Amino acid sequence: MAYDRYVAICKPLHYPLIMNKKICILLAAASWITGSLDLSSLIIYISQYSFCDSNEINHFYCDPNALVKLSCSDTHNFEILVLSEGPFVAVTPFLLTLSSYIFIIVAILKIRSSEGRRKTFSTCSSHLIIVLLFYGTIICVYMSPSSMFSPEEEKMFALLYTVFIPMLNPLIYSMRNKEVKNALRNLIFRK
């Protein structure tokens, strides 16, 4: 989405040429392949461990960090693997997204009319907030030592990036729609 917005705002006349079907499929495939390869390497690594105590994961889904805490094997190498993969899997996409928004903000500041700046910035600000929240929690959980957070804190962060942020996305985007705003305003002021 960040690249799509970058092209739409910074190169609007070239948008149909740049954001063609092939590029969209390529971007989606790169996301899926990167995520799958990352998770596959973690699963292969975890499958080598022996588990001797409880078989109950202290989490609301099968998070690799929570699963590794059940292992009676030495998990130090797993933590090193996660910390070494993090810059490629989490930090790099975050920095690419952030850099596209820097270009967008520079382009917005070049718009002469204040109404045009406001309208364009409101289009991107909601996505930027979601991106910062999402990557912030992901990086916080997976790019820190496992002893830094309690299991409850890890569950809270995971709840943020798996449930809360995806729920916010449609809400934030629908609030930009005038019809939805008017319907909400009518609902609130009617009572």
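**Note on the cysteines, the disulfide and Asn 65**

1. Cys 24 has a relative accessible area of 37%, so this residue counts as partly exposed. The value comes from a predicted model, as do the others in this note.

2. Cys 140 is also a partly exposed residue, at 27% relative accessibility. To be called buried, a residue must be under 20%.

3. How many disulfides does the structure hold? There is one. The bond runs between Cys 52 and Cys 72, with an S to S distance of 2.2 Å. These two cysteines are 20 residues apart and tie together distant parts of the chain. Cys 52 sits in the loop between helix H3 (21-47) and H4, whereas Cys 72 sits in the loop between H4 and helix H5 (76-109).

4. Are the two bonded cysteines buried or exposed? Neither label fits: Cys 52 is partly exposed at 46% relative accessibility, and Cys 72 is partly exposed with a relative accessible area of 43%. Exposed would require over 50%.

5. Helix H4 spans residues 64-68 and includes Asn 65. The relative accessible area of Asn 65 is 11%, so Asn 65 is buried. Leaving aside residues up to four places away in sequence, Asn 65 touches Phe 78, Val 141, Tyr 142 and Glu 154.

6. An unreviewed UniProt entry annotates residues 1-173 as "domain: G-protein coupled receptors family 1 profile". Over residues 1-173 the model is 76% helix and 0% strand. The C-alpha atoms at the two ends of that stretch lie 13 Å apart.

Definitions and conventions: Residues numbered from 1 in each chain as written. Predicted model: local features only at pLDDT ≥ 70, side-chain atom pairs only at ≥ 80, totals over all residues. Heavy atoms only, no water. Helix = DSSP H or I, 4+ residues; strand = E, 2+ residues; numbered from the N terminus. Buried < 20%, exposed > 50% of the residue type's maximum accessible area, 1.4 Å probe, protein only. Contact = heavy atoms within 4.5 Å. UniProt positions renumbered as here; feature names shortened; annotations may be inferred. Disulfide = S-S within 2.5 Å.
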